[in-house]
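Hi,

Here's the structure I said I'd pass on to you. Have a look at it first, and then read my notes underneath.

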Amino acid sequence: MRNKVLMNKNEKRRRIEEAALHLFAKEDFNRISIDQIVQDAHVAKGTFYLYFHDKVQLINHLIVKKSSSIIDEALMKAKEEQIDDKIEELIFLVDYVIEFFKANPSSIKMIQKNLSWSVIGGKLGDDEYEVVNHLEDFLSYLISLGYQEQEAYQLIFMILELVSTVCYSSIVLKQPDSIDNLKPMLYTTIRKMIKRS
């Protein structure tokens, strides 16, 4: 009986999240109401508040969940390639993320410039995400280059911020150029950010 109740609760939360994703893909976050979300999810309004304090908490949760999923997928693909050079492996990962956003512009519209939230996910709410654990190889590599652990973490955070900002500006705002034209400079910048002088 308890498992059935838990499954029902998980199903309702999933429906709320999917309804919100569906609506956010079509409309600006500020124009969507909780009433629209619960109507689309086919749940009572009170059910929404069992899982989220407000719409902002919901969108923050979705941003962290989606960005974590994208980065996890990119990390798996990068590992499959068995690239010997850690910097080139990171560039491959970044390229995978960019190609994902090109193919799924609604995802970058929702995430906007917050891809880095995936590495601080637990600090934004009650959910924990595994992205930081999956980035351990990169953190260890940066430490081997002479970075302190906190510096290595901050550098990965800044690289993710840079990537999401460039993707959002280029793919959504169409500025200052196409993402394909910006990639070479972006990758050169990331390589320079990593290499210690």
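Below is what I found, going from the whole chain down to two of the helices.

First off, keep in mind that this is a predicted model. The fold is all helix by count: 10 helices and 0 strands, so reading along the sequence gives you α-α-α-α-α-α-α-α-α-α. The protein has 197 residues, and 42% of them count as buried. If you take contacts between residues at least 6 apart in sequence, 66% join residues at least 24 apart. The accessible surface comes to about 11300 Å², with 51% of that belonging to carbon and sulfur atoms.

Now for α4, which covers residues 55-81. Is its length what you'd expect for 27 residues, or off? At 1.5 Å a residue the helix should span 39 Å, and the end C-alpha atoms are 39 Å apart, so the two agree. At the N-terminal end, D54 acts as the cap, with a side-chain oxygen 3.2 Å from the backbone nitrogen of V56. After α4 comes Q82, which has a positive phi, near 50°.

The other one to look at is α8, residues 136-144. Which of its residues are buried? F138, L139 and L142 are. Those three cover an arc of only 100° around the axis, which means they sit on the same side of α8. Just after this helix, G146 also takes a positive phi, this time about 110°.

That's it from me for now.

Cheers

Note on methods: Residues are numbered from 1 along each chain as its sequence is written. This is a predicted model: local features need pLDDT of at least 70, side-chain atom pairs count only at pLDDT 80 or more; totals for chains, interfaces and linings use all residues. Side-chain values use heavy atoms; hydrogens and water are left out. Helices (H or I, at least four residues) and strands (E, at least two) are DSSP runs, numbered from the N terminus. The expected span of a helix is 1.5 Å times one less than its number of residues. A polar contact is a pair of N or O atoms within 3.5 Å; within protein, one must be able to donate a hydrogen and the other to accept it, and residues adjacent in sequence count only if both atoms are side-chain atoms. Buried means under 20% relative accessible area, exposed over 50%, partly exposed in between (1.4 Å probe, protein chains only). The arc is that of the directions from the helix axis to the C-beta atoms. Contact means heavy atoms within 4.5 Å. Accessible areas come from the Shrake-Rupley method with a 1.4 Å probe; for residues, only the protein chains shown count as cover.
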